[in-house]
Every structure is written in structure tokens, then in C-alpha cells.
Amino acid sequence: KEVARKIPATLIPGDGIGPEIVDVVERVFDALGNPFIWEKHQAGLNALEKSGDLLPESTLDSIRRTGLALKGPLTTPIGGGFRSVNVRLREAFQLYANVRPARTIIPGGRYDKIDLVLIRENLEGLYVGHEHYVPIDGDPHAVAMATGINTRAGSRRIAKFAFDYAVRNSRKKVTIVHKANVLKALTGLFLETAKQVSADYAGQIETNERIVDACAMQLVLNPWQFDVIVSTNLFGDILSDQIAGLVGGLGMAPGANIGEHAAIFEAVHGSAPDIAGQGKANPSALLLAGALMLEHKDMYAEAQWLRSAIDSVLSTEEGRTHDLGGSVSTSLFGDMVIDRIRG
Ligand code: NAD
């Protein structure tokens with residue numbers, strides 16, 4: 001099947017299981033009619049070994065050109081003072097929105113029929129990294145201090161992104177999550193600005209607000225009340241892993257990092273060095289990240305097509321990879337998804 005649009009995109013195989021799962025992605029997207037023209041570039045430990053840089057300039061140039069990337073997991077070497085490549089990419093391309101959907105794929109877990117999306121501000125808040133110690137009485141680390149920074153412009157940008165995302169994806173409700181009762185300035189500004197933005201969507205998208213601790217409890221008691229959640233950097237980080245837990249953990253979770261000029265899609269899991277090269281990796285998370293990428297480029301039908309194929313394979317006993325208690329290999333899993341797509 002041919003799709004009309006062929007969009008240049010950067011493809012980063014990454015480290016560990018990265019090349020194995022990226023190989024499946026390439027074959028599956030081929031079966032989908034090649035909606036993207038891949039430019040393959042390296043990043044991570046393999047790039048460091050080949051070119052001396054975890055994030056080579058040629059990779060950055062490619063993303064600057066395409067504004068779109070699908071990234072396999074990267075290993076950040078421990079020690080040696082290396083900065084995380086993911087953080088470098090986020091800063092280099094000002095990827096202000098982190099999108100983390102959680103959807104029940106394999107029924108029968110603790111929670112059925114979960115379908116919610118967390119949108120996290122990715123550049124501000126308490127993660128700006130302004131930290132220092134104050135020495136007292138000869139103890140250099142007697143006091144630790146951190147500064148959080150939220151701006152009206154940054155809060156408006158993420159809130160607008162969340163409401164636009166809700167409209168584009170036929171969602172009904174956005175919940176603004178904050179701690180404005182205690183962090184009155186830092187998250188009060190976020191809450192006030194997000195509420196102002198919500199007024200532009202009145203009648204179209206329902207809005208409510210929750211204090212972060214109450215939200216965490218409600219996510220456990222009754223997660224079905226949520227649809228889209230928008231929050232600041234730190235709270236969003238914590239809640240996005242919590243919602244992944246509702247649907248069986250990080251193993252099958254996709255994520256997107258979106259800016260005004262570039263968007264990078266990835267699996268939430270890491271490079272899994274313990275199973276690399278053994279054909280045991282589950283490629284679902286990266287394939288689902290590919291589905292998010294299709295939606296980002298308004299190819300909703302193709303995204304749905306891909307998701308249905310993955311769901312259909314995972315709903316069978318023989319379609320389960322090792323992490324799900326089955327024994328199908330990475331490559332065979334890919335073949336099964338392709339069979340479903342070709343119908
Ligand atoms: P990990 O996610 O790589 O592995 C945790 C466990 O989950 C392992 O037992 C692994 O085998 C399993 N697992 C992960 N993905 C799987 C998949 N697709 N299929 C089957 N099993 C899977 O986390 P870790 O061991 O803490 O980190 C390993 C490396 O990955 C580190 O260098 C870390 O820095 C990096 N990392 C990268 C990213 C990223 O690039 N987005 C994210 C997290 C960790």
C-alpha cells in the first residue's frame with residue numbers, strides 16, 4: 001500500500017537493542033508504504049566509539065534539516081562527565097512538550113481500558129538545574145538549594161499545546177495539575193496561565209484542575225476520569241511513569257518530545273544491554289512511537305492501522321516477546337505485525 005506523503009525523517013538506531021528494534025521499525029514502515037524517507041544517523045555509545053562524540057554534528061544537522069526524528073535507546077556512559085544525550089537534544093531543539101500516552105494493550109492487567117495522555121513541560125520548572133550548596137561550619141554541603149523557574153510564556157506554550165493536542169486527537173477533557181496551594185508563585189503562575197488558555201477552548205474541551213498529590217491518588221483510585229493531563233516538569237516526570245505503571249510498566253510505553261521546529265519520538269525504555277543481540281527485545285514501544293510520529297504529521301489513518309496491527313499481534317499467545325512471558329523473537333514479531341498490515 002502506498003501512502004501519499006513521503007516525509008524526510010532522521011532515524012537513529014542507538015545502542016544495545018536499538019539496532020534490532022529499529023530494523024523492525026524500518027520493515028514495518030516499508031509495509032505501511034514508506035510514509036517517511038529515513039536519513040540514518042548515529043548517536044549514543046556507538047557514535048562515541050566511532051566519532052568521539054555521543055551526539056555527532058552530522059546527526060544534529062540531519063534533525064535540523066528534517067525537523068523530525070525517531071530515536072532508538074541510547075546508552076549514556078557512566079563516569080567521564082558525559083551529559084545525557086536526551087537532555088542535550090531537548091535543549092538543542094527546545095523540545096518543550098513531552099507527550100506520554102498510556103493505553104491498555106493487553107487486557108487482564110490490574111486496570112483495563114485505560115486511555116490517557118500526559119503532557120509535561122520539558123524545559124522549565126525545578127529541572128532547570130540551578131542547584132548549589134551552602135557551606136556552614138566547615139561542612140561544604142550543609143545546605144542544598146534548588147531554584148525552579150516557570151515563565152508565563154512557557155506555561156502558555158505548554159497549555160496551548162495540550163489543548164490543541166486534545167482537539168486534534170478528539171479528546172474531551174484537559175486536567176491542569178499543579179501545587180499552587182504551596183508553591184504559590186512557581187506553580188501558581190502555571191495554573192493561572194493554563195486556566196487563561198483554557199478559556200479559548202470553552203465549549204470544545206472540558207477543563208478541570210487537580211493538586212498533584214490528589215491527582216496521584218485519583219490515578220490509582222479512578223484513572224478513567226482522566227483524559228489529557230498537563231503539568232509542570234517535575235510533576236509531569238513522576239506522573240508519566242505512574243500512568244505507565246497503570247498499563248503494565250515502561251516496557252511498551254512510547255514518548256514524544258516536541259518543539260516548534262523539531263519533534264523527536266522514542267521508546268521510553270533504555271538500551272537493555274542484558275538482552276542486546278539475542279533477538280529477545282520487544283519492538284512495540286518504538287513502533288508505537290512511530291504511530292505517534294505518524295499522528296504528528298496528520299497521518300491518523302496510518303497510525304491507527306499500525307496500532308491495530310500491534311494490538312492484534314500482542315493479543316495472541318504466540319505474539320508475546322520474552323518480557324511478556326512469551327518466546328517470539330524480535331524479528332518474527334516484526335513479521336507478524338507486517339502480516340497484519342498487509343492483511
Ligand atoms: P532498560 O530500560 O534498558 O532495561 C530495564 C529492563 O527492562 C532490562 O531487564 C531490559 O532487558 C528490559 N527491557 C527494556 N526494554 C526492553 C524491550 N524493548 N524488550 C524487552 N525487554 C526490555 O533500563 P536500564 O537497564 O536502567 O538502562 C540501560 C541503559 O539505557 C543505560 O545506559 C541508560 O542510560 C539507557 N537509557 C536510555 C534511555 C533513552 O535513550 N531514552 C532511557 C532509559 C535508559
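Here is a short chat about how to read a few features of this predicted model.

Q: How much trust does the predictor put in the protein chain, going by pLDDT?
A: Start with the general idea: where pLDDT is low, the predicted coordinates should not be read in detail. In this case the chain averages a pLDDT of 94, and 99% of the residues score at least 70. For the complex, the predictor gives an ipTM of 0.97 and a pTM of 0.94.

Q: Okay, which residues does the UniProt domain feature cover?
A: The UniProt record, an unreviewed entry, puts "domain: Isopropylmalate dehydrogenase-like" at residues 6-337. Over that stretch the chain is 39% helix and 23% strand, and its end C-alpha atoms sit 21 Å apart.

Q: Now the backbone angles. What is the phi of Asn34?
A: Phi of Asn34 is near 50°, so you're looking at a positive value in a residue other than glycine. To find Asn34 on the chain, go to the loop between α1 (18-31) and β2 (36-40).

Q: Is Asn34 buried or exposed?
A: The idea is to count neighbours: 20 or more other C-beta atoms within 10 Å means buried, 12 or fewer means exposed, and anything in between is partly exposed. Asn34 has 16 C-beta neighbours inside 10 Å, so it counts as partly exposed.

Q: And where is Gln94?
A: Look in the loop between α4 (85-92) and β4 (97-103). Gln94 isn't a glycine, yet it has a positive phi of about 45°.

Q: Why is Gln94 called partly exposed?
A: Because 14 other C-beta atoms lie within 10 Å of Gln94, a count between the two cut-offs.

How values were computed. Residues are numbered from 1 along each chain as its sequence is written. This is a predicted model: local features need pLDDT of at least 70, side-chain atom pairs count only at pLDDT 80 or more; totals for chains, interfaces and linings use all residues. pLDDT is the predictor's confidence in each residue, from 0 to 100. UniProt positions are given in the numbering used here, feature names are shortened, and annotations may be inferred rather than shown by experiment. Helices (H or I, at least four residues) and strands (E, at least two) are DSSP runs, numbered from the N terminus.
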